[in-house]
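Reader: I should be grateful for a close look at a single part of this predicted model. Please begin with one residue and follow its surroundings outward in a connected account.

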Amino acid sequence: MSSPVILHTDGSCLNNPGPGGWAAILEWNGNEKELSGAVPDTTNNRMELQAAIEGLNALSRPMSVELHTDSKYVMDGVTAWMPKWRLNGWKTAAKKPVANQDLWQQLDEALARHNVSWHWVKGHSGDPLNERCDDLARAAAMSL
């Protein structure tokens with residue numbers, strides 16, 4: 001079994017809603033790859049989701065992934081809420097459509113291809129790769 005991919009993700013949004021950026025840093029067997037992108041009119045939550053989706057979709061084959069995020073929204077969504085949403089036809093307990101359903105479904109598809117373990121990182125607390133992801137995501141948002 002090969003070593004896991006270490007994936008750090010972050011999203012940024014100026015004014016929330018407003019211009020947004022996402023970033024992912026993948027590390028595997030001594031190699032590192034940075035990804036980032038921007039969306040003109042979005043929210044911070046959407047950019048956090050997009051970062052995880054893009055990072056996972058960058059992997060060309062199924063892998064073990066240790067995903068590090070500072071987003072409780074994404075982590076709790078995947079580990080606690082998504083199984084119930086899927087069973088309820090992507091509706092909340094209050095029978096309302098899940099917010100950002102399009103991205104949650106894309107993330108669900110990306111997760112199905114990999115064995116992902118989730119790690120929460122406190123944002124803006126000095127974690128070097130989280131800080132770098134934050135810088136990349138903010139730079140992407142500011143590029144618009």
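Author: A strand is here a DSSP run labelled E of at least two residues, and strands are numbered from the N terminus. In this predicted model, Cys13 belongs to strand E1. Its relative accessibility is 14%, so Cys13 is classed as buried, the cut-off being under 20% relative accessible area. If neighbours within four places in sequence are set aside, the contacts of Cys13 are Gly18, Pro19, Gly20, Thr42, Thr43 and Asn44. Between the C-alpha atoms of Cys13 and Asp41 there is a distance of 8.9 Å, although the two residues are 28 residues apart along the chain.

The loop between E1 and E2 deserves attention next. Asn15 lies in this loop and has a phi near 75°, which is positive in a residue other than glycine. With a relative accessible area of 73%, Asn15 is exposed. Asn16 is found in the loop between E1 and E2 as well, and its phi, near 35°, is again a positive value in a residue other than glycine. Asn16 has a relative accessible area of 41% and is therefore partly exposed. The peptide bond that joins Asn16 and Pro17 is cis, with omega at about 5°; Pro17, too, has its place in the loop between E1 and E2.

From the loop, the account returns to the sheet. Five strands make up an open sheet of mixed pairing, in the order E3-E2-E1-E4-E5. Its edge strands are E3 (31–42) and E5, each of which pairs on one side only. On average, neighbouring strands of this sheet are turned by 20° against each other, with direction ignored. Over five bridges, E1 and E4 pair in the parallel sense, and Thr69 in E4 is the bridge partner of Thr9. Helix H1 packs on the sheet, where it touches E1, E2, E3, E4 and E5, and its direction makes about 155° with that of E1. Helix H4 (residues 128–142) lies across E1, E2 and E3 and runs at about 145° to E2.

Strand E4 also pairs with E5 in the parallel sense, over six bridges, and the bridge partner of Glu66 in E5 is Ser117. Because five of the six residues of E4 are buried, this strand is largely enclosed by the rest of the structure.

The interior can now be described. In soluble globular proteins, nonpolar side chains tend to be buried together. The largest nonpolar core here has 31 residues, and those with the most contacts inside it are Leu56, Val65, Leu67, Trp104, Leu107, Leu111 and Trp118. Two or more residues are given to this core by each of E1 (5–13), E2 (18–28), H1, E4 (64–69), H2, H3 and E5. Leu56, leaving out residues up to four places away in sequence, touches Leu7, Val65, Leu67, Leu107, Ala110, Leu111, His114 and Val116. Separate from this is a second core of six residues, among them Ala23, Ile25, Cys133 and Leu136.

Helix H3 is one of the contributors to the largest core, and its geometry can be checked directly. At 1.5 Å a residue, the 12 residues of H3 (residues 101–112) should span 16 Å, and the end C-alpha atoms are indeed 16 Å apart, which agrees. Within H3, the buried residues are Leu103, Trp104, Leu107, Asp108, Ala110 and Leu111. Viewed down the helix axis, the buried residues of H3 fall within an arc of 165°, so they line one face of the helix. The face of H3 turned away from this buried side carries Glu109 and Ala112, which are exposed. Cover for the buried residues of H3 includes helix H1 (44–57), helix H2 (72–87) and strand E5 (115–120).

Conventions. Residues numbered from 1 in each chain as written. Predicted model: local features only at pLDDT ≥ 70, side-chain atom pairs only at ≥ 80, totals over all residues. Heavy atoms only, no water. Helix = DSSP H or I, 4+ residues; strand = E, 2+ residues; numbered from the N terminus. Expected span 1.5 Å × (residues − 1). Buried < 20%, exposed > 50% of the residue type's maximum accessible area, 1.4 Å probe, protein only. Arc of directions from axis to C-beta. Contact = heavy atoms within 4.5 Å. Core = buried A, V, L, I, M, F, W, Y, C linked by side-chain atoms within 4.5 Å. Pairing = 2+ DSSP bridges. Axes fitted to C-alpha atoms, helices over the stretch in contact; angles between N-to-C directions.
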